[in-house]
Amino acid sequence: MDTNPMTSKQINDIIFNLKLEFYAKTKPLFPEHAVPKRTYKTATANGLTRAIMDSGKYLGAHMVRMSNEGRYRPGAVIKTPAGTRRGPGVWLPGTANGISDILMTFGGQTYFIEIKIKDKQLPSQKKFETNLQAAGGNYIIIRTFAEFLDLIDTILNRSSHKLK
């Protein structure tokens with residue numbers, strides 16, 4: 001846990017500067033004053049996830065937000081003499097219990113990133129972590145934006161991948 005946490009303004013400024021650099025490289029004719037500014041609230045898991053997703057994209061990483069939500073499949077439409085009605089539906093559970101929140105490929109490696117603010121890993125998440133690491137995968141729990149920046153710094157320092 002950070003003893004000196006970053007302020008919201010610091011986080012937003014860092015991400016905006018990454019975005020300006022990204023726009024300068026990918027959209028050189030786009031005027032800097034027109035680059036939209038976004039506010040990130042990293043005190044929530046969704047806010048931290050969004051900040052990490054955007055920052056990773058601006059740094060050149062391939063970012064995928066993972067989901068394992070089940071879904072409801074409505075029942076068939078049944079025609080009766082009184083009209084039509086819908087039959088009973090079915091709940092289809094997710095297929096990869098415990099999968100991490102973010103899949104990031106950067107510096108030639110793929111990282112499974114689990115976002116945790118105050119909560120703890122579920123047993124299914126611990127099982128996923130154990131299985132992934134046993135296969136040689138990279139599983140990281142991130143609790144703050146500063147931890148994500150530390151991860152990026154570590155990747156850049158140990159790989160030949162440099163920001164372009």
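**A walk from helix H4 to the salt bridges**

Let's start with helix H4, residues 145-158: its 14 residues, at 1.5 Å each, should span 20 Å, and the C-alpha atoms at its ends are indeed 20 Å apart. (Helices are DSSP runs of H or I with at least four residues, strands are E runs of at least two, and both are numbered from the N terminus; the expected span is 1.5 Å times one less than the number of residues.) This is a predicted model, where local features need pLDDT of at least 70 and side-chain atom pairs count only at pLDDT 80 or more, while totals for chains, interfaces and linings use all residues. Residues are numbered from 1 along each chain, and side-chain values use heavy atoms, leaving out hydrogens and water.

Several H4 residues are buried, among them Phe145, Phe148, Leu151 and Ile155. Buried means under 20% relative accessible area, exposed over 50%, and partly exposed in between, with a 1.4 Å probe and protein chains only. The cover over these buried residues includes helices H1 and H2 and strands E6, E7 and E8.

Now for the charges. You'll find 5 salt bridges here, each a side-chain nitrogen of Lys or Arg within 4 Å of a carboxyl oxygen of Asp or Glu. In one, Asp13 meets Lys9 at 2.8 Å; both sit in helix H1, 4 residues apart, about one turn. Lys9 counts as exposed because its relative accessibility is 57%.

Another joins Arg38 and Asp54 at 3.6 Å. This pair links distant parts of the chain: Arg38 is in the loop between H1 and H2, and Asp54 is in helix H2. Asp54 is buried, at 7%. Arg50 joins these two in a network of salt bridges.

Technical notes. Contact = heavy atoms within 4.5 Å.
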